[in-house]
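Student: Could you take me through one part of this model up close? I'd like to hear about the charged side chains and how they pair up.

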Amino acid sequence: MNVGSFLVIWVCVIRYQQVIDYGYQSALNIVSLVAGCLCAIGGSLVGNFQTVNQIHVHLVGAFLAFYIGNLYFWLQVGLTYKITPRHGGKWIGLVRIVCCLICTACLILLPMLHFWKRRTAAAICEWIAAMVLLLLFGLFAVDFRHIDGHCFHVIREKARIQNSTTTLEL
């Protein structure tokens with residue numbers, strides 16, 4: 001799970017930088033990056049702490065992975081309509097909306113089904129939500145297929161280095 005969580009963070013960082021490269025730098029993009037990283041941390045917690053040993057840590061990880069992960073993709077829906085070019089055309093935004101609606105419905109039903117002691121139905125909702133989240137990550141292939149560079153820029157401007165013109169005497 002830790003390798004998978006690292007890859008989720010990497011995808012979130014690439015998407016964050018892609019949105020910036022398209023000229024849309026906003027708080028929405030930053031919040032989206034934070035939510036994506038929290039989703040990845042949640043996946044790592046779920047994978048490393050089993051329900052029989054550390055139920056509270058597992059549940060915190062599940063909340064981060066599912067609910068914050070769902071929030072991440074709703075933010076990505078907003079970013080999809082804010083940036084241009086939209087590589088998938090009009091259909092990519094619609095597919096993301098439908099997937100997010102399915103995931104949201106499952107995540108709303110999940111605690112209600114647990115409360116009503118419908119454990120099998122709750123498990124089905126949990127798995128549907130997990131598969132939809134994985135599908136949403138896979139949909140980034142549409143956006144990333146146009147990436148042609150292999151450099152990741154961290155600094156916008158070159159650092160200004162001052163040369164010293166004085167010499168020290170020994």
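Tutor: Let's settle one word to begin with: buried means under 20% relative accessible area, exposed over 50%, and partly exposed in between (1.4 Å probe, protein chains only). Asp143 comes out at 4% relative accessibility, so it counts as buried. This is a predicted model, where local features need pLDDT of at least 70, side-chain atom pairs count only at pLDDT 80 or more, and totals for chains, interfaces and linings use all residues. Residues are numbered from 1 along each chain as its sequence is written, and side-chain values use heavy atoms, with hydrogens and water left out.

Now the pairing. Side chains of opposite charge can pair when their charged atoms come close. A salt bridge here is a side-chain nitrogen of Lys or Arg within 4 Å of a carboxyl oxygen of Asp or Glu, and the structure holds two of them. Take Asp143 with Arg96: their side chains meet in a salt bridge at 2.4 Å, N to O. That pair ties helix 6, home of Asp143, to Arg96 in helix 4, 47 residues apart; helices are DSSP runs of H or I, at least four residues, numbered from the N terminus. Arg96 is buried too, because its relative accessibility is 1%.

Asp143 also forms a salt bridge with Arg15, with the closest N and O atoms 3.6 Å apart. Here the link runs between Arg15 in helix 1 and Asp143 in helix 6, 128 residues apart. Like Asp143, Arg15 is buried. Put the shared partners together and Arg15, Arg96 and Asp143 make one salt-bridge network.

Terms used
Helices (H or I, at least four residues) and strands (E, at least two) are DSSP runs, numbered from the N terminus.
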